[in-house]
Structures are given as structure tokens and as C-alpha cells.
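Hi,

Here is the structure I said I would pass on. Have a look at it first, and my notes follow below.

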Amino acid sequence: MDWLDVLIIVAVAVGAFALWLVGTALLIWGERRVVAKMQSRVGPNRLGPAGLMQTLADGAKLFFKEDIAPANADRWVYLAAPMVSAVVALVTFAVIPYGGTFTIGDRQISLQVWDPDVGLLWVLAMGSIGVYGIVLAGWSSGSKYPLLGGVRSSAQMISYELAMGLAVAAVFIYTGSLRASDIVANQAGTLFGPIPAWHVIPMAPAFVLFFISAVAETQRPPFDLPEAEGELVGGFNTEYSGAKFAMIFLAEFMNVITMSAVLVTMFLGGPNGPLFGPDIVRAVLPTIYFVVKVGIFLFVFIWLRATLPRLRYDRLMDLGWKVMLPFALLWVMATGFSVVLRETTERATVIRAAAIGAAVAAVLFFLAPLFSRRASEPGGGGGDGGARPLDDPRPGGEALPERAGDRPSTDRPTEEVGV
Amino acid sequence: MVALATAVGAVLAQTPVADPAGAAASTGAAEFWVFWILAPLSLAAAVSMVVLRNPVHAALMLVVNFFTIAMFYAVLEAQFLAAVQIIVYAGAIMVLFLFVLMLLGVDRELPTRVAQIRGQQPAALLLGALLFAALAVGVAGPFLGADSACNAPPDAVAAAGADAQPCVGLAAANEEGNVRGVARLLFTDYVWPFEVTSVLLVIAAIGAMVLGRRTERPEDLVDGRGVRKEPLRARAARPTGSTALDREAAE
């Protein structure tokens, strides 16, 4: 590795950095313009053409603002939290290929900062570290609303990380690799006819699961409970101002771009697309495809914000644990089965084993409600065949932590009578 | 910061070069420096995790410790372990710890020497020393001193007999990719411990849920067991003194 290789690595890293930073600035502006249009307003339109320079002005304002820290704050953690958010947001995109591979002289240049063996696990790892930025910001502010926001965000992000991880796992199994470059390469070509071999078609359920958890992980509406302007005055970032707030803000929007980029990489072929024209066009086209695909997802994120009302917190948890997690588990099983079936030489044995397994699972599925019924209600109530309403408060239906928290309240009347 | 990421990436992505001597020298040097920078950091974080009085600060120190361990894994070219260490320990378990700390509001500094069992400190020191000795002798022992490296190059394995520790090398171990290598071991040689551990974890989770339900009456810990629960209203209407709680209140 000589100095030219080092230079190329630095250039690719700087390219990614520039793409993400400019994208963030444009996203903030675009969000304000698009939401304004959807609400029949004008939006920022003073600075530059169509208000394009508004983000720059806002950034300059934030960085020159007085930096106020509450007296109650935990000094070091309060200082570190926005940095954690910003650093994590910046390093996450290192593994995402944002363009094709082209040759200059005798060197192959691939527009991806880092292509490790663990690949997109890096995104999951950094996503799980990103929680700290929010949780610590909420806790260290030494104030009630930020604390509530921090607690909400930690519970929410852990819940949705599961579904997200399983959706990613399904794609890993389907591709047979964790590397971002392999996943992109697996989506080259066409499936049948003119339809591209993007994973969004064979892996449609994983795509839906990943998209919903991406919205929840970036804490965008309708899952923006940690900030919930209406209830928590901005949640975990209430007590932040100036440059620290700017960092939190930047990290949030950068995460939206990164999540869209991961979606595009995993399900929409990343920088894949039809190539034509002279060499220089061939080199630039993949990046353009990538940017356009990411842009579409960014628009959807903004669209969601302008359209959907915020979820209630228990609904959010129900969706994550009771709907998405079981469904994701089933889909991973199904994907694994199809891959084994595709690669095995003894199809009949595999199918027979799977049939037995499915039969046992089905029998257990129908037997389990009978047992829990008998345990909770020996008399049995009518012939509803073990079916229960979703919000049944009877014991046995309370596997979820937040339900378990309700238990002591049923004892309270006795207590009061006694005292 | 991207420069940092690139540097980390370059270190992590180091693939063994064809020239074995050169490769050993370059990874060896990187390993050396990373170890001597990270090891004190790791130890310092571990010690301050025990010493710090604010539970949240202690938890954060543990996170730092997990990070340094992940870096060690990465330097040893166990990329998958490094990623999983961050995702599972730093990302999920410690966030849950913090969640509980915040939810219960145990964020004030705890006074030391409260509710200590008598003789706890010497016992802890003794047991800690015993554990350390056991680990040092049992786990690390075979790899200390002259045995720290493999002693038999591939062509001399037969000559060394039972003492042979054949040099496979990271290049061979990671030949089909780090993730595939780990997966193959996990689902062939270690499938039984793996399954047993997962069953243990499930049992622990269920146990925690059963024990964690705060209740005054122990029979509530088991869901009914065929005994129909008294409806709330009937319980409330009972004369005072009939439940354990009421008796307590009366006293």
C-alpha cells in the first residue's frame, strides 16, 4: 500500500462525508419545504433560491448561540451525550456502498469507505450505540421531561431493534453473506423479464418490517414519542441549546439518511441500475441511482411526518412485540427453509422434517390456549373455543413488562380498605 | 471523525498479506500498540465501575469496558465477535440496565457501607482472588510462557506427538470469512453447549419474570393453579383483618 492508495481511501471517505453532510443540510431544508407544501404554507423562502440556504443560517445561529447547561445537569455526561450521537451517526455510513466500482489507470476504486466481513452488522452495532446519545442526554439533563423522553426512547429502540435485526438476518440468510458489497452484487441483473432482482420482491415482508423499525429507530413520526413536542416539550433534548443541540439535531437527520441508505442497499439494489454511455457516465451513474433511491425514501419519511398522528405508547409497544417480532421470527424461519431447500441435495428429507416440525408447532399452537384457559378459569366461559380478546386482563395474558406493571394496582383497593 | 473511522476501518480490515513474515510483523506491531493502549483503559474502566458511587456512571464505565473488549476482539481478527459484543452487551444489555436505573430513579449517589453483610469485603476479595487464580491456571495457563505460540509448524506436527499445537494461523482460520468460521464451529463442535446455554437463558428470563412480579401474596406468583381468583370487589368488601396485609396494618 503506497501513498496513492492512502490518498484514494481518504478521497472515498471524504466523498462519503460530503455526500452525507450535504444530504443532511438538504434534508432539513427539504423537510421544512415539503411539510409546508403539504400544510398549504410556504416554508423557508428567504435565503438563497427557494430558501435553500436556510439550514446554513440556522447552523450558524446555533453555533454562535450561548451554550446554557442546567445547574442540575450531570456535567460530563451532559457534554458527552450529543457527541456520542454525532460520532455514531457519522461512522455508521462507512460500510454503505454509495457508488459503483470503476478503474482509473490500473487501480480499481470502489466507492465504499470500508467493506468488512461483518458488513451491515456494523450498522446494527452503531444503531444500538446511538441509543446512548439519547438516553444519556435525557438522564443527564437533570429534569423531568428529558428523563421521560430518555426512558421512552431506550424502551422503544430496544423493542424495535429486535424486529430490525431479524429483518436484516432474513436478508443475510437469503444472500449468504453479511458484506454490503455481496448484498448489492446479489441484486444485480433481473429477476424475470424487465423486473430487477432487487430483494424488495422476494424479501417483501422483511422490507416492510425493516422500514417500520427504521422509522421507529430514527424516532421519526409516527413513532416520535421520545421527543413528543406536545407532551414532553421536545423530550430528551429539551435542556440542550447552542452547539450541543445542533449536534443532536444533525445526528437525528443524518440517521434518517443512513437508514434510507441501508434500506436502499439491502432491498433496492444499492447503486445498481442500467449502465450506458461513455466511461465517465458509467462511473457516475451508480452514484446518481443511489442518491435518487435514497431521496425517494427520504421523501417517504417526510411524508409520514406530515400525514400520520403519533401513536399511543402502549400501541407502539404492542406493535413492536406482539406483531412485528413474531412475524419477523416466522419470516426468518421461512427464508431459512427456502434457502436450505434450494441448496440441499436431499429435498424429500428436508420437506418431511419441515412438515413434522410444522405439524408439531400447529398442534402446540392450538393446545396452548386450552391450557392457559384451564389455569385461569376452571369453569370455562361459554364455547368461544379458546379465543380471547386482545386486551384480556386475565393472568396468563400478561407476558409483557408493561402489563406486569399493572398488577399491583389491582391490590390497591384492599390496601386502602385495610388502612 | 471520518478520518478516525477510516483509521479504525483500516486496522480492522487488515487482511493477511501473502508474505507471511511481513504480515506477522505488521499485525504484530498493531496488536502490540493497540493492546498497550487499550489494556490500561480497560482495567481503569473496570476498576472505576466498581468504585464509582453513581450507578449510572458505573454503568457507563462498564460500557467503556465492553468497548475495549470489542476492540481486542477486532484486533485479533474476530470481527464477528467484536460486532456481537457491541450489539449484545453494550447495545442491548447495558441499555436495559440504564433503563431500569432511570425508571426506578436510583440515580442519586449511593452511600457506601450501607446494608453490607458482615465479612462481605474480605469474602469478596478472597473469592475474587480464587476466581482469578482458577482462570489464570485453568484457562490462560496452557498458553503462558513457551507455549504461548503454537509450537509445531504444519510439517512437524507428527513429530511433536501429543504436545503438538499445530500452527493454523489466522489466515487459515479466517479462510472462508470470519462469520462463516464462527458459524461452522458454533453449529458443529459447539452445538450442544450452544443449545444448553440458550435453554438456560430462556429459563432465566422466565424465572426473572415470575420472581419480578411484585406481590404481597406468594400464591399470586403462580397463575391460579386451577384455583379461581377471588374477584376484586369481593376482596375489597371483606371485613378488615382477613388478609395478611390488614393484619400487618392492625399491628
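Which residues form one aromatic cluster? They are A:F207, A:F210, A:F211, A:F267, A:F297 and A:F301. Before you read on, keep in mind that this is a predicted model.

Let me stay with two members of that cluster for a moment. The ring centres of A:F210 and A:F267 are 5.9 Å apart with the planes at 55 degrees, so this pair is tilted. The two rings come from distant parts of the chain: A:F210 belongs to helix α7 (residues 204–217) of chain A, while A:F267 is in helix α9 (residues 242–267) of chain A, 57 residues apart. A:F210 has 2% relative accessibility and counts as buried, and A:F267 is buried too, at 0%.

Over all chains there are 19 aromatic pairs. One of them is A:W20 with A:F290, a tilted pair with 6.5 Å from centre to centre and 40 degrees between the planes. This pair also links distant parts of the chain, since A:W20 sits in helix α1 (residues 3–38) of chain A and A:F290 in helix α10 (residues 279–307) of chain A, 270 residues apart. Both A:W20 and A:F290 are buried.

Two arginines go on the ring list as well. A:R75 lies over the face of A:W76, 5.2 Å from the ring centre. For A:R342, the charged end sits over the ring of A:Y174, at 5.5 Å from its centre.

Next, helix α2 (residues 54–64) of chain A. Its buried residues are A:Q54, A:T55 and A:L62. Viewed down the axis of α2(A), these buried residues fall within an arc of 95 degrees, so they line one face of the helix. What do they pack against? The buried residues of α2(A) pack against α1 and α9 of chain A. A:L56, A:F63 and A:F64 are on the other side of α2(A), where they are exposed.

Last, a bit of sheet. Strand β1 (residues 101–104) of chain A and strand β2 (residues 107–110) of chain A run antiparallel and are joined by four bridges. A:I104 has A:R107 in β2(A) as its bridge partner. The two strands form a hairpin with two residues between them, and A:G105 in the turn has a positive phi of about 65 degrees.

That's what I have for now. Shout if anything is unclear.

Cheers

Technical notes: Residues are numbered from 1 along each chain as its sequence is written. Chains are lettered from A and ligands numbered from 1 in the order in which they are written. This is a predicted model: local features need pLDDT of at least 70, side-chain atom pairs count only at pLDDT 80 or more; totals for chains, interfaces and linings use all residues. Side-chain values use heavy atoms; hydrogens and water are left out. Rings of Phe, Tyr and Trp (its six-membered ring) pair if their centres lie within 6.5 Å; planes under 30 degrees apart count as stacked, over 60 as edge-to-face and the rest as tilted. Buried means under 20% relative accessible area, exposed over 50%, partly exposed in between (1.4 Å probe, protein chains only). A charge sits over a ring if NZ of Lys or CZ of Arg is within 6 Å of the ring centre and within 35 degrees of the ring normal. The arc is that of the directions from the helix axis to the C-beta atoms. Contact means heavy atoms within 4.5 Å. Two strands pair if DSSP finds at least two bridges between them.
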